[in-house]
Amino acid sequence: MSDWLRERVMNFTFARGAIQQVPSALPWFEKLIIHNNVGCVLELGTGVGSLSVMFGILCPDRVITCDREDRLTRHIKSVLLRLGVDCVRGDLYDEGFRDLLMILINQVRINGQALLLLCDGGDKHKDFAMYAPRVLPGDVVACHDLASEFIPERSDILQIADNNKLERILVEEMNKDKTRLAVYKKRTAE
Ligand SMILES: C[S@@+](CC[C@H](N)C(=O)[O-])C[C@H]1O[C@@H](n2cnc3c(N)ncnc32)[C@H](O)[C@@H]1O
(Lines give C-alpha, C1' and ligand atoms only; values in the text may rest on other atoms or scores of the structure.)
Protein backbone atom coordinates (compact mmCIF):
# COMPACT_ATOMS: atom_id res chain seq x y z
CA MET A 1 0.00 0.00 0.00
CA SER A 2 1.40 3.42 -0.90
CA ASP A 3 2.13 5.98 1.85
CA TRP A 4 -0.63 8.39 0.85
CA LEU A 5 -3.16 5.57 0.83
CA ARG A 6 -1.97 4.15 4.16
CA GLU A 7 -2.28 7.63 5.67
CA ARG A 8 -5.82 8.04 4.33
CA VAL A 9 -7.04 4.58 5.22
CA MET A 10 -5.26 3.58 8.43
CA ASN A 11 -5.72 6.83 10.31
CA PHE A 12 -9.36 7.24 9.52
CA THR A 13 -11.76 6.39 12.32
CA PHE A 14 -15.48 6.53 12.90
CA ALA A 15 -17.45 5.48 15.99
CA ARG A 16 -14.15 4.79 17.80
CA GLY A 17 -12.89 2.26 15.27
CA ALA A 18 -10.77 2.21 12.11
CA ILE A 19 -12.81 2.37 8.96
CA GLN A 20 -11.19 0.52 6.07
CA GLN A 21 -12.34 2.90 3.36
CA VAL A 22 -10.97 6.19 2.08
CA PRO A 23 -12.84 9.08 3.74
CA SER A 24 -14.63 10.08 0.53
CA ALA A 25 -16.37 6.69 0.52
CA LEU A 26 -18.59 7.72 3.45
CA PRO A 27 -20.43 10.60 1.76
CA TRP A 28 -20.65 8.41 -1.34
CA PHE A 29 -22.38 5.62 0.59
CA GLU A 30 -24.82 8.15 2.00
CA LYS A 31 -25.54 9.55 -1.48
CA LEU A 32 -25.96 6.04 -2.91
CA ILE A 33 -28.49 5.24 -0.20
CA ILE A 34 -30.45 8.47 -0.56
CA HIS A 35 -30.48 8.75 -4.36
CA ASN A 36 -31.29 5.10 -5.06
CA ASN A 37 -34.08 4.70 -2.52
CA VAL A 38 -32.03 2.15 -0.58
CA GLY A 39 -33.79 0.70 2.45
CA CYS A 40 -31.41 -2.06 3.54
CA VAL A 41 -27.72 -2.96 3.39
CA LEU A 42 -25.86 -6.26 3.15
CA GLU A 43 -22.18 -5.77 4.01
CA LEU A 44 -19.84 -8.61 3.10
CA GLY A 45 -16.85 -8.24 5.44
CA THR A 46 -17.56 -6.46 8.73
CA GLY A 47 -13.94 -5.80 9.70
CA VAL A 48 -13.97 -3.82 12.96
CA GLY A 49 -17.56 -2.73 12.32
CA SER A 50 -17.24 1.06 12.07
CA LEU A 51 -18.70 1.19 8.59
CA SER A 52 -21.50 -1.11 9.78
CA VAL A 53 -22.29 1.56 12.40
CA MET A 54 -22.65 4.15 9.68
CA PHE A 55 -24.92 1.86 7.67
CA GLY A 56 -26.94 1.23 10.85
CA ILE A 57 -27.42 4.98 11.31
CA LEU A 58 -28.59 5.35 7.71
CA CYS A 59 -30.83 2.23 7.68
CA PRO A 60 -31.65 1.29 11.31
CA ASP A 61 -32.88 -2.29 11.83
CA ARG A 62 -32.18 -3.07 8.18
CA VAL A 63 -28.48 -3.86 7.99
CA ILE A 64 -26.88 -7.29 7.87
CA THR A 65 -23.12 -7.51 8.10
CA CYS A 66 -21.10 -10.70 8.00
CA ASP A 67 -17.58 -11.86 8.69
CA ARG A 68 -15.95 -15.12 9.66
CA GLU A 69 -14.07 -13.37 12.46
CA ASP A 70 -15.22 -11.31 15.39
CA ARG A 71 -13.09 -8.15 15.56
CA LEU A 72 -15.73 -6.00 17.24
CA THR A 73 -14.94 -4.09 20.42
CA ARG A 74 -17.53 -4.01 23.21
CA HIS A 75 -18.28 -0.41 22.32
CA ILE A 76 -18.98 -1.15 18.65
CA LYS A 77 -21.02 -4.24 19.58
CA SER A 78 -23.28 -2.21 21.86
CA VAL A 79 -23.75 0.54 19.24
CA LEU A 80 -24.56 -2.03 16.53
CA LEU A 81 -27.06 -3.67 18.88
CA ARG A 82 -28.83 -0.35 19.46
CA LEU A 83 -28.98 0.29 15.73
CA GLY A 84 -30.45 -3.16 15.08
CA VAL A 85 -27.52 -4.24 12.90
CA ASP A 86 -27.46 -8.02 12.56
CA CYS A 87 -23.85 -9.30 12.77
CA VAL A 88 -23.69 -12.76 11.28
CA ARG A 89 -20.66 -15.07 11.51
CA GLY A 90 -19.79 -17.49 8.74
CA ASP A 91 -17.84 -18.19 5.59
CA LEU A 92 -19.00 -15.89 2.81
CA TYR A 93 -17.89 -18.39 0.21
CA ASP A 94 -20.04 -21.21 1.49
CA GLU A 95 -23.10 -21.37 -0.78
CA GLY A 96 -25.42 -22.42 2.05
CA PHE A 97 -24.28 -19.41 4.08
CA ARG A 98 -24.78 -17.14 1.06
CA ASP A 99 -28.35 -18.45 0.69
CA LEU A 100 -29.00 -17.82 4.39
CA LEU A 101 -27.74 -14.23 4.08
CA MET A 102 -30.02 -13.63 1.09
CA ILE A 103 -33.00 -14.93 3.09
CA LEU A 104 -32.09 -12.69 6.04
CA ILE A 105 -31.68 -9.56 3.92
CA ASN A 106 -34.94 -10.19 2.08
CA GLN A 107 -36.69 -10.40 5.46
CA VAL A 108 -35.68 -6.81 6.28
CA ARG A 109 -36.12 -5.47 2.75
CA ILE A 110 -38.97 -2.96 2.47
CA ASN A 111 -41.21 -3.52 -0.54
CA GLY A 112 -40.34 -1.07 -3.29
CA GLN A 113 -37.01 -0.08 -1.73
CA ALA A 114 -33.59 -1.12 -2.92
CA LEU A 115 -30.73 -3.05 -1.33
CA LEU A 116 -27.16 -1.82 -1.16
CA LEU A 117 -24.78 -4.79 -1.38
CA LEU A 118 -21.18 -4.03 -0.38
CA CYS A 119 -18.61 -6.54 -1.62
CA ASP A 120 -15.76 -6.15 0.86
CA GLY A 121 -14.85 -9.68 1.96
CA GLY A 122 -11.55 -11.49 1.49
CA ASP A 123 -11.95 -11.89 -2.29
CA LYS A 124 -13.91 -9.07 -3.91
CA HIS A 125 -14.23 -10.82 -7.28
CA LYS A 126 -15.72 -13.85 -5.57
CA ASP A 127 -18.06 -11.64 -3.53
CA PHE A 128 -19.32 -10.16 -6.79
CA ALA A 129 -19.58 -13.51 -8.57
CA MET A 130 -21.54 -15.17 -5.76
CA TYR A 131 -23.75 -12.37 -4.50
CA ALA A 132 -24.33 -9.80 -7.26
CA PRO A 133 -26.43 -12.24 -9.37
CA ARG A 134 -28.87 -12.41 -6.43
CA VAL A 135 -29.79 -8.72 -6.31
CA LEU A 136 -33.08 -7.37 -7.68
CA PRO A 137 -33.81 -4.64 -10.25
CA GLY A 138 -33.04 -1.22 -8.77
CA ASP A 139 -30.53 -2.63 -6.25
CA VAL A 140 -27.02 -1.19 -5.97
CA VAL A 141 -23.78 -3.18 -5.70
CA ALA A 142 -20.56 -1.50 -4.53
CA CYS A 143 -17.23 -3.31 -4.72
CA HIS A 144 -14.38 -2.06 -2.61
CA ASP A 145 -10.69 -1.76 -3.48
CA LEU A 146 -11.30 -0.72 -7.06
CA ALA A 147 -8.19 -1.16 -9.21
CA SER A 148 -6.29 -3.20 -6.63
CA GLU A 149 -8.47 -6.03 -5.31
CA PHE A 150 -11.39 -5.50 -7.68
CA ILE A 151 -10.84 -5.15 -11.40
CA PRO A 152 -14.11 -4.36 -13.20
CA GLU A 153 -12.44 -4.90 -16.58
CA ARG A 154 -11.69 -8.57 -15.89
CA SER A 155 -13.53 -10.68 -18.46
CA ASP A 156 -15.38 -12.82 -15.89
CA ILE A 157 -16.55 -9.69 -14.06
CA LEU A 158 -17.70 -8.03 -17.29
CA GLN A 159 -19.60 -11.21 -18.15
CA ILE A 160 -21.34 -11.42 -14.77
CA ALA A 161 -22.31 -7.74 -14.97
CA ASP A 162 -23.66 -8.19 -18.48
CA ASN A 163 -25.55 -11.42 -17.76
CA ASN A 164 -27.21 -9.88 -14.73
CA LYS A 165 -28.04 -6.44 -16.18
CA LEU A 166 -25.67 -4.73 -13.75
CA GLU A 167 -24.75 -1.36 -15.14
CA ARG A 168 -21.65 0.43 -13.90
CA ILE A 169 -22.51 3.91 -12.58
CA LEU A 170 -20.55 6.92 -11.25
CA VAL A 171 -17.29 5.84 -12.91
CA GLU A 172 -16.00 9.36 -13.60
CA GLU A 173 -17.12 10.66 -10.24
CA MET A 174 -15.36 7.90 -8.27
CA ASN A 175 -12.22 8.34 -10.35
CA LYS A 176 -12.20 12.05 -9.78
CA ASP A 177 -11.93 11.91 -5.99
CA LYS A 178 -10.10 8.54 -5.90
CA THR A 179 -12.92 6.78 -4.08
CA ARG A 180 -11.99 3.14 -4.45
CA LEU A 181 -15.46 1.82 -5.20
CA ALA A 182 -16.85 0.24 -8.35
CA VAL A 183 -20.60 0.77 -8.29
CA TYR A 184 -23.29 -1.04 -10.28
CA LYS A 185 -27.03 -0.69 -10.48
CA LYS A 186 -29.28 -3.50 -11.64
CA ARG A 187 -31.42 -2.28 -14.50
CA THR A 188 -35.16 -2.43 -14.03
CA ALA A 189 -37.12 -4.45 -16.60
CA GLU A 190 -37.36 -2.73 -20.01
C1 LIG B 1 -11.57 -5.22 4.32
S2 LIG B 1 -12.28 -6.00 5.70
C3 LIG B 1 -13.89 -5.30 5.75
C4 LIG B 1 -13.86 -3.83 6.10
C5 LIG B 1 -15.18 -3.15 6.39
N6 LIG B 1 -16.18 -3.43 5.39
C7 LIG B 1 -14.92 -1.65 6.48
O8 LIG B 1 -15.14 -0.95 5.47
O9 LIG B 1 -14.48 -1.18 7.53
C10 LIG B 1 -12.54 -7.61 5.05
C11 LIG B 1 -13.14 -8.59 6.03
O12 LIG B 1 -13.53 -9.77 5.30
C13 LIG B 1 -13.41 -10.87 6.18
N14 LIG B 1 -13.34 -12.11 5.41
C15 LIG B 1 -12.34 -12.52 4.58
N16 LIG B 1 -12.64 -13.72 4.05
C17 LIG B 1 -13.84 -14.09 4.55
C18 LIG B 1 -14.68 -15.21 4.38
N19 LIG B 1 -14.33 -16.24 3.59
N20 LIG B 1 -15.85 -15.24 5.04
C21 LIG B 1 -16.22 -14.22 5.85
N22 LIG B 1 -15.47 -13.12 6.05
C23 LIG B 1 -14.29 -13.05 5.41
C24 LIG B 1 -12.15 -10.57 6.98
O25 LIG B 1 -12.18 -11.27 8.21
C26 LIG B 1 -12.18 -9.05 7.12
O27 LIG B 1 -12.66 -8.66 8.38
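## Helix 4, the mixed sheet and the ligand shell

Helix 4 is followed by Gly84, a residue whose phi is positive, near 70°. The model described here is a predicted one.

**Helix 4 and its two sides**

Helix 4 spans residues 74-82, and its buried residues are Ile76, Val79 and Leu80. These three cover an arc of only 100° around the axis, which is why they come to lie on the same side of helix 4. Arg74, Ser78, Leu81 and Arg82, by contrast, are exposed on the other side of the helix. What covers the buried residues of helix 4 includes strand 2 (17-18), helix 3 (50-58) and strand 5 (85-89).

**The sheet**

Strand 5 also belongs to an open sheet of 7 strands, whose order is 5-4-3-6-7-9-8 and whose pairing is mixed. At its edges stand strand 5 and strand 8 (166-169), each of which pairs on one side only. Averaged over this sheet, and with direction ignored, neighbouring strands are turned by 20° against each other. Strands of a sheet pair through backbone hydrogen bonds, in either a parallel or an antiparallel sense.

Both senses can be illustrated here. Strand 3 (residues 38-44) and strand 4 (residues 63-67) run parallel and are joined by 4 bridges; in this pairing Val41 stands opposite Val63 of strand 4, and Leu42 stands opposite Ile64 of strand 4. Strand 7 (140-144) runs antiparallel to strand 9, with 5 bridges between the two, and the bridge partner of Cys143 in strand 9 is Ala182. Strand 8 is likewise antiparallel to strand 9, to which 4 bridges join it, and here Arg168 has Tyr184 of strand 9 as its bridge partner.

In a regular strand the side chains alternate between the two faces of the sheet. Which residues of strand 4 are buried on each of its faces? On one side they are Val63, Thr65 and Asp67, and on the other Ile64 and Cys66, so that both faces of strand 4 are covered. Counted along the strand, 5 of the 5 residues of strand 4 are buried.

Strand 9 (181-186) can be read in a similar way. Because 6 of its 6 residues are buried, strand 9 is largely enclosed by the rest of the structure. Leu181, Val183 and Lys185 are buried on one side, while Ala182, Tyr184 and Lys186 are buried on the other, and both faces of the strand are thus covered. Helix 2 (residues 25-35) lies across strand 9 as well as strand 3, strand 6 (114-119) and strand 7, and runs at about 5° to strand 9.

**The ligand shell**

How many residues surround the ligand? There are 18, and the closest of them are Gly45, Gly47, Arg68, Leu92 and Gly122. Sorted by character, the residues of this shell divide into 4 nonpolar, 8 polar and 6 charged.

**Individual residues outside the strands**

Two residues have a positive phi without being glycine: for Asp61 the value is about 65°, and for Lys165 it is near 55°. Asp61 lies in the loop between helix 3 and strand 4, whereas Lys165 is found in the loop between helix 7 (155-163) and strand 8. Is Asp61 buried or exposed? Since 11 other C-beta atoms lie within 10 Å, Asp61 is exposed. Lys165, with 15 other C-beta atoms within 10 Å, is partly exposed.

Asn106 lies in helix 5 (residues 95-108), and Arg134 in the loop between helix 6 (124-131) and strand 7. Asn106 counts as partly exposed because it has 13 C-beta neighbours inside 10 Å, and Arg134, with 18 such neighbours inside 10 Å, also counts as partly exposed. The table sets the separation along the sequence beside the C-alpha to C-alpha distance for one pair involving each of these residues.

| Pair | Separation in sequence | C-alpha to C-alpha distance |
|---|---|---|
| Asn106 and Arg62 | 44 residues | 9.8 Å |
| Arg134 and Arg71 | 63 residues | 27 Å |

Asn106 and Arg62 are thus 9.8 Å apart in space with 44 residues of separation in sequence, while Arg134 and Arg71, at a separation of 63 residues, are 27 Å apart.

How values were computed. Residues are numbered from 1 along each chain as its sequence is written. This is a predicted model: local features need pLDDT of at least 70, side-chain atom pairs count only at pLDDT 80 or more; totals for chains, interfaces and linings use all residues. A residue is buried if 20 or more other C-beta atoms lie within 10 Å of its own, exposed if 12 or fewer, and partly exposed in between; C-beta atoms are placed from the backbone. The arc is that of the directions from the helix axis to the C-beta atoms. Two residues are in contact if their C-beta atoms, placed from the backbone, lie within 7 Å. A residue is near a molecule or strand if its C-beta atom, placed from the backbone, lies within 6 Å of it. Ala, Val, Leu, Ile, Met, Phe, Trp, Tyr, Cys and Pro count as nonpolar, Asp, Glu, Lys and Arg as charged, and the others, Gly among them, as polar. Two strands pair if DSSP finds at least two bridges between them. Axes are lines fitted to C-alpha atoms, for helices over the stretch in contact, and angles run from 0 to 180 degrees between N-to-C directions.
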